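Hello,

Here is the structure I promised to pass on to you. Please open it beside this message, and then read on for what I found in it.

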Amino acid sequence: MINSFKKNIKGIVIEGITLVSALLIIAIVIIMLLVIFIGGKDTLSWEFLTSFPTEGMTKGGIFPALYGTALLVIIMSIAAVPFGTITAIYLTEYAKENSIIAKTIRFAVRTLAVIPSIIYGLFGLGFFIKFVGAHIDGAFFGGELRWGQPNLLWASLTMSLLTLPVVIVSVEESLKTVPQDLRAASLALGATKWQTIRKVVLPGSISGIMTGTILAVSRGAGEVAPILFTGAAYYLATLPGLSDQFMVLGYHIYVLTTQSANVDQTLPIQFGTTCVLLLLTFVLNMTAVILRYRIRKKKNR
Amino acid sequence: MTKKNKVKTSQTRGEDIQPSVHIDITRKRFRIGDFLAEKIIKGVAFLSITIIVLIFFFVFREAFPIFNTSKEIIKPATEQAKADTQETYGAVTDGDSKVKPNEINGAVSDTSAKKDVQETYGDVTDKQENPEQNGVQKANSSAITAKSTSTYTVSAGSGTDDNQSALKTMLSKEWVPVSEKPRYGILALIIGTFKITLISLLFAAPLAILAALYTAEFANKRMKEIIKPTIELLAGFPSVVIGFFALMVLATFLQNVFHYSTRLNSFVGGIAMGIAAIPIIFTITEDALTAVPRSFNEASLALGASKWQTAFFVILPAATPGIFAAILLGIGRVFGETMIALMATGNAALMDLNPFESVRTLAATIGAEMAEVVFGDTHYNVLFLIGSLLFVFTFVLNAIAEFYVKGKLMKRIQGK
């Protein structure tokens, strides 16, 4: 009796330790959210979001950074989502589960997911700017420096490589939830494989593609390392085009906190910008999480 | 007709039903579309493999010039007479046959190019060091000097000359890339990176693994529905936000608790990176724990073990390979983390094992210095070399996690 009681206490203590670590993680998340929201809520206003920085970036808003972030994620999605979706279709519909090709592609996708983001930055610099861009300049602009320098396009494409695995994984997951019966029924009615994919499988997994896109956008909006030297700029007085450098929320935070001369003066702006970025990714991630839980429910049903 | 049908069906892998004659005409067109679609999809699917190969190629390509003279270095390194050999090699690597026999000319193209490179840093000291030499020899062979300032190839030649000393200093203790005599002591950076990785793992791994154990074994459904989305949210936190939090709040808080002198140090950075690594470790550990068959659990409970005994002595050991993989990928994440390292570690390349001193990690070095570096310069190549180091390291970590660990996990769970 006493023995089992002792055992019980030990069990409670050990279970308690695991519970405490789980709660600690939740606490960290909540503290981070609270600190940043409380710090930034006074700065947040419509004006802050829609005006340009003024007085050497110590006052004013973050509109160009928001604009740059939006352009970045849009171009990035245009590049990443179709390719990611097609790769996922290949993996689930065409490739045999254990073929060497499928295994290699899966390994490549997972590797892409774990490569440090700074390496993508280096790759963007070495490939897009110094190789592709420089060659375009040489071929079409007679060596004039136009595309062979950091700009929005190259930064977006670099970012799309980084977010490609995010899209692939979530689309693949949702493609798997489309019941095999539906495919069989479609084929039995005389549809070809491609027709089946286009008319049956893809519509059934549209929520997965959306989840993938949202996650990719949230990731792309928050990453700074890949665009450090492929296009992000400290301050620009005008809104950027494709071949210009651009301002981004994440880089704005980094610059204001570490590179700026008057860190204390810009503290409200720093908190405000971080708050905007966090809110953005927070809302996007929440949507993705809810969508994904729905997909998983569908799978289990 | 039947022969044709056979050919067509084999194209679509015979998964179609044998078509009747009258819809055959309409289907013929679609099958071309089908064929093209399959080819295109297959082609695009190889993109991810292509990207990896391209990353390998282009990151290494930019790092490669460092090794250009590596074979020739070994000889002069043993001999000394450094100044002389530098001159000759500057000339030889120029690849200019006219310059080759004339050592002085080589030296000119050498020093002036060097000056160009360093001027862009705003470094004046070099000019003061050898103004005479420069001035006299410039007059001697102005043609070559002009060439060295205008063309890329010659300055690359000077780059390879720098590379000799660059490679030599690679194992030294100092990382001073921007100076009159640049030293690229990667060792300090590597030690800094490992130090910070260790700290963050000591913080994140136990926390994440225990939390995963709780979620997988003890938590009821409601707790699970709180914990898992929270972790996913944490995974979605941009690293620059975590870096900002560490810089603004965590650093001050920890300094008040532990009373150390340097506000930004490897301890703060390690904790912040740990926060970033928690979701990865948690998710993979939890996957591994839930992958352990239910029969293990039932058997253990049936033998009279309590719930926590089952969790700790049956489930946890069965999932060790998965947890190992989780830790490996956590290491990969911390190793390559740039923004947090840039913002919260102090960024001083010190060779010091004290956790309360500033460090500079490999990734942060690339992030901080790449924007200011001259393209094609030795410093540029060294940064790319660091990049390839990081890339190879994470690639290998991922490969180990993928093949070795997963194979082992499968074997263990299937009881082989």
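Leaving out neighbours within four places in sequence, Phe245(B) is in contact with Met32(A), Val35(A), Ile36(A) and Leu250(B); two residues are in contact if their C-beta atoms, placed from the backbone, lie within 7 Å. Phe245(B) belongs to helix H13 of chain B, where helices (H or I, at least four residues) and strands (E, at least two) are DSSP runs, numbered from the N terminus. Phe245(B) counts as buried because it has 26 C-beta neighbours inside 10 Å. For that term, a residue is buried if 20 or more other C-beta atoms lie within 10 Å of its own, exposed if 12 or fewer, and partly exposed in between, again with C-beta atoms placed from the backbone. Although Phe245(B) and Ile340(B) are 95 residues apart along the chain, their C-alpha atoms are separated by 9.5 Å.

A word on reading all this: the model is predicted, local features need pLDDT of at least 70, side-chain atom pairs count only at pLDDT 80 or more, and totals for chains, interfaces and linings use all residues. Residues are numbered from 1 along each chain as its sequence is written, while chains are lettered from A and ligands numbered from 1 in the order in which they are written.

Now to the two chains. Chain A has 11 helices and two strands, and along its sequence they follow the pattern α-α-β-β-α-α-α-α-α-α-α-α-α. Its C-alpha atoms fill a box of roughly 70 × 65 × 35 Å along the principal axes. Of the 301 residues of chain A, 47% count as buried. Among the contacts in chain A with a separation of 6 or more, 76% are between residues 24 or more positions apart.

Chain B has 20 helices and two strands. It has 416 residues, of which 46% count as buried. Of the contacts in chain B between residues at least 6 apart in sequence, 72% join residues at least 24 apart.

How do the chains meet, and how many residues of each are in contact? On the chain B side there are 76 residues, in contact with 71 residues of chain A. Helix H3 (residues 47-63) gives the most to that side of chain B, with 11 residues. By class, the side of chain B that touches chain A has 51 nonpolar, 14 polar and 11 charged residues. Here Ala, Val, Leu, Ile, Met, Phe, Trp, Tyr, Cys and Pro count as nonpolar, Asp, Glu, Lys and Arg as charged, and the others, Gly among them, as polar.

H3(B) is worth a look of its own. Its 17 residues should span 24 Å at 1.5 Å a residue, and its end C-alpha atoms are indeed 24 Å apart; the expected span is 1.5 Å times one less than the number of residues. Its buried residues include Leu47(B), Ile51(B), Ile55(B), Phe58(B) and Val59(B). Seen down the axis of H3(B), the buried residues fall within an arc of 145°, so they line one face of the helix; the arc is that of the directions from the helix axis to the C-beta atoms. The face turned away from the buried side of H3(B) carries the exposed residues Thr50(B) and Val53(B).

Two of those H3(B) residues also turn up in the contacts of Ile119(A). Not counting residues up to four places away in sequence, Ile119(A) touches Ile55(B), Val59(B), Gly336(B), Gly387(B), Leu390(B) and Phe391(B).Ile119(A) is also among the residues with the most contacts inside the largest nonpolar core, which has 182 residues. A nonpolar core is a set of buried Ala, Val, Leu, Ile, Met, Phe, Trp, Tyr and Cys residues joined through C-beta atoms within 7 Å. Helix H11 (residues 186-218) of chain B supplies the largest share of this core, 17 residues.

Finally, three places in the loops and helices. In chain A, H9(A) is mostly covered, with 14 of its 17 residues buried. Leu236(A) lies in the loop between helix H9 (206-222) and helix H10 (249-259) of chain A. Leu236(A) counts as partly exposed because it has 17 C-beta neighbours inside 10 Å. Beyond its neighbours within four places in sequence, Leu236(A) is in contact with Pro64(A), Gln245(A), Phe246(A) and Met247(A).

In chain B, His259(B) sits in the loop between helix H13 (239-258) and helix H14 (266-291). His259(B) has a positive phi of about 55° although it is not a glycine. With 8 other C-beta atoms within 10 Å, His259(B) is exposed.

Best wishes
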